[in-house]
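User: I have a structure open and want to learn how to read it. Can you take me through it feature by feature?

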Amino acid sequence: MQKLQKSIVIWLGLLPVFSITLFPFVVMGTTSIKPQAEVFSTSWFPSSIAWSNFAEMWTATGFGRALGNSLYVSTLATAMTLFIAIPAGYALSRYRFTGRGSFKRFLLITQMLSPIVLVLGLFRILVVFDALDDAHVVALLYAGFNTAFAVWMLESYFSTIPKDLEMASWMEGASRLTTMRRVFLPMAVPAIVVTALFTFVNSWNEFVLALTLLRAEENYTLPIQILSIVSGRYAVDWHLVMAAALCASLPVAIVFSWMQKYMLKGLTAGAVK
Amino acid sequence: MRGNNPYLLIAPGLFVSGLIIIWPLIQLGTLSFSEVNRFGQVLGWGGVENYIKVFYDPELYVSSWRTLLWTIGVVGGTLVLAVPISLALNEEFYGRGLARVLLMLPWAISLAMLAIVGRWALNGNSGTLNNLLMDLGLITENIAWLARAETAFPMQIVLGIIATLPFTTTIFLGGLASIPTDIYEAAKMEGARNWQSFLRLTLPLMRPFINIAVVLNTIYVFNSFPIIWATTQGGPANSTDILVTYLYKLAFRFGRVSEAAVLSLIMFALLLVFTVIYVRLAMKEEN
């Protein structure tokens, strides 16, 4: 009984907080299902639910193409990040070497650097190399900005994997590389999946580099595409924009609610931007 | 351990993250001492003139001041909310899992998307917020929230808090989970009241986590570009500009590239100071 009482009190206390933090979802949800004629009406509930908004949004907002771009850039960035970060994380967790501490400090510093202070420099360099509007370059930059976080995260998980099995494998004459591939990596899969998801979501949501370095509309990622619809025009179809924003956010929301318990773990040192 | 060389394993990471920092920094350094026309072409050596221009620019001081308000507003507001929320979420109660997920949800919306939603919700005709306040009888006519800095800036701070809260609460929950529960029972035995054990036990034990959250949030919020850019672009008439949006305008709108380079370097230096503080805190945690 006491627990029930406590639960009610806590939920009542949390209610005002949720009404603010979940307000954006309410706005997206209610607007995206309104028929066009009712978008500016003051009622909360539409006369009929306009599911067709989602189909219309797909072409009207250029959602499909931007989705493809976002998927491509984020996947590529994630692959590159893992390729760079797995060996580095492995080295940090399995070797004690001179400069190990400095390398970790260097990673922390790079993690704190927001792309915004470097974006002008990056832009100028890419202009010289005629490399603007190139999804691969943007993906490489994302990989660079995500490396620090990924290495920290991987290292903290790798360190929890016992070394005994690797030792045993060496004893039996397997080479270091074989051992890493056959023994270590299979055990590290959960850590790698979580790191990959974080990197993917970071790239998915990245704003300032995409805004600056992708100039042609056909290369826009989702956030840039949706922003370009609302800022460039006089009349904005808000019901379609909100449908697009909802579709861009929901997959991430699902991934995040699933990853919640992992976030509690590796976050104080390697935090998400 | 023998075998592979660890330096070989960290080399790609070192190379890529070094490259994306050091190369643009060199570029910014050169630009800051160059004379650059408004089309971005370098005309020649500019000496320290760009630095002088930046320091005589009144807009720099206005947007610095606003950056301070923005950072204190978002970081402070988040802290004040996150402590009680994480204490509540740390209790055993029905639906705790659901409550945690609900609190984390705004994390999933990117800042740009949050700002776009804000732009619609806060619009002056029949934005969702106006509708809500009308229904509640709190206002009698619609307010164009984003049209004036006096209403736009506080709303941007609210959006900033919504975006920062999930991360901060997550860190605090991690901290609370590390506090052993038996010390509270001991305190109770000794006759301590709830608020006493909060002040004497919880708060001091949470201290490192609060420190880390404050420093990290300060860094992120100080640099946070999307919320202000996607709601007002720093307008109307630069009245909601913070340093990062002003920097972006100098570089990509006003064609004052070399001044933007100077400002980038100044901000880089400031960030480095914050980061050194953070590295100290984080490394202390580790040991």
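User: Start with secondary structure. How many helices and strands does chain A have?

Analyst: Chain A has 12 helices and zero strands. From the N terminus on, every element in its order is an α: α-α-α-α-α-α-α-α-α-α-α-α. Keep in mind that this is a predicted model.

User: What are the box dimensions of chain A, and what share of its residues is buried?

Analyst: Along the principal axes, the C-alpha atoms of chain A fill a box of roughly 75 × 70 × 30 Å. Of its 273 residues, 48% count as buried. Look at contacts as well. Take those in chain A between residues at least 6 apart in sequence: 77% of them join residues at least 24 apart.

User: What average pLDDT does chain A have?

Analyst: The average is 86, and 94% of the residues score at least 70. Treat the end of the chain separately. Over residues 267-273 of chain A the pLDDT is below 50, yet this stretch has 20 contacts in the model beyond near neighbours in sequence.

User: Now the interface. How many residues does each chain put into the contact?

Analyst: Chain A gives 80 residues and chain B gives 85 residues. On the chain A side, helix H12 (residues 238-265) gives the most, with 13 residues. By class, the chain A side divides into 57 nonpolar, 16 polar and seven charged residues.

User: How do I describe two packed helices?

Analyst: Use the angle between their axes and the distance between the axes. Try chain A. Helix H4 (residues 63-94) and helix H7 (residues 135-158) of chain A pack at about 40°, with axes 6 Å apart. H4(A) and H7(A) are therefore oblique to each other. The crossing of H4(A) and H7(A) is right-handed. Their contact has 21 nonpolar, seven polar and one charged residues.

User: And in chain B, at what angle do helices H5 and H7 pack?

Analyst: H5 (residues 111-121) and H7 (residues 149-177) of chain B pack at about 140°, with their axes 11 Å apart. That angle makes H5(B) oblique to H7(B), because it takes over 145 degrees to count as roughly antiparallel. This crossing, too, is described by its hand: H5(B) and H7(B) cross right-handed. H5(B) brings Leu111(B), Leu114(B), Ala115(B) and Gly118(B), while H7(B) brings Met155(B), Leu159(B), Ile162(B) and Ala163(B). By class, that is seven nonpolar, one polar and no charged residues.

User: Which residues of H3(B) meet H9(B)?

Analyst: First the geometry. Helix H3 (residues 58-90) and helix H9 (residues 194-222) of chain B pack at about 140°, with axes 9 Å apart. H3(B) and H9(B) are therefore oblique to each other, and the crossing is right-handed. From H3(B) come Thr67(B), Trp70(B), Thr71(B), Val74(B), Val75(B), Thr78(B) and Leu79(B). They meet Val214(B), Asn217(B), Thr218(B), Val221(B) and Phe222(B) in H9(B). The contact has seven nonpolar, five polar and no charged residues.

User: Which residues of helix H6 of chain B are buried?

Analyst: In H6 (residues 128-135) of chain B they are Thr128(B), Leu129(B) and Asn130(B). These buried residues pack against helix H2 (23-32) of chain A together with H5 of chain B. After H6(B) comes Gly137(B), with a positive phi near 75°.

User: Take a single residue. Is Tyr220(A) buried or exposed?

Analyst: Count C-beta neighbours. Tyr220(A) has 21 inside 10 Å, so it counts as buried. Tyr220(A) sits in the loop between helix H10 (208-213) and helix H11 (222-232) of chain A. Leaving out residues up to four places away in sequence, Tyr220(A) touches Ala66(A), Asn69(A), Leu214(A), Gln225(A) and Ser228(A).

User: Where does Pro236(B) lie, and what is the peptide bond before it?

Analyst: Pro236(B) is in the loop between helix H10 (226-231) and helix H11 (243-252) of chain B. The peptide bond from Gly235(B) to Pro236(B) is cis, with omega near -5°. Check phi in that loop too. Gln233(B) lies between H10 and H11 of chain B and has a positive phi near 55°, though it is not glycine. With 16 C-beta neighbours inside 10 Å, Gln233(B) counts as partly exposed. Ala237(B), in the loop between H10 and H11 of chain B, has a positive phi of about 50°. Ala237(B) has 8 C-beta neighbours inside 10 Å, so it counts as exposed.

Conventions. Residues numbered from 1 in each chain as written. Chains lettered and ligands numbered in written order. Predicted model: local features only at pLDDT ≥ 70, side-chain atom pairs only at ≥ 80, totals over all residues. Helix = DSSP H or I, 4+ residues; strand = E, 2+ residues; numbered from the N terminus. Buried ≥ 20, exposed ≤ 12 C-beta atoms within 10 Å, placed from the backbone. Contact = placed C-beta atoms within 7 Å. Nonpolar A, V, L, I, M, F, W, Y, C, P; charged D, E, K, R; others polar. pLDDT = per-residue confidence, 0-100. Axes fitted to C-alpha atoms, helices over the stretch in contact; angles between N-to-C directions. Parallel < 35°, antiparallel > 145°, perpendicular 65-115°, else oblique. Left-handed = near helix turned anticlockwise from the far one by under 90°.
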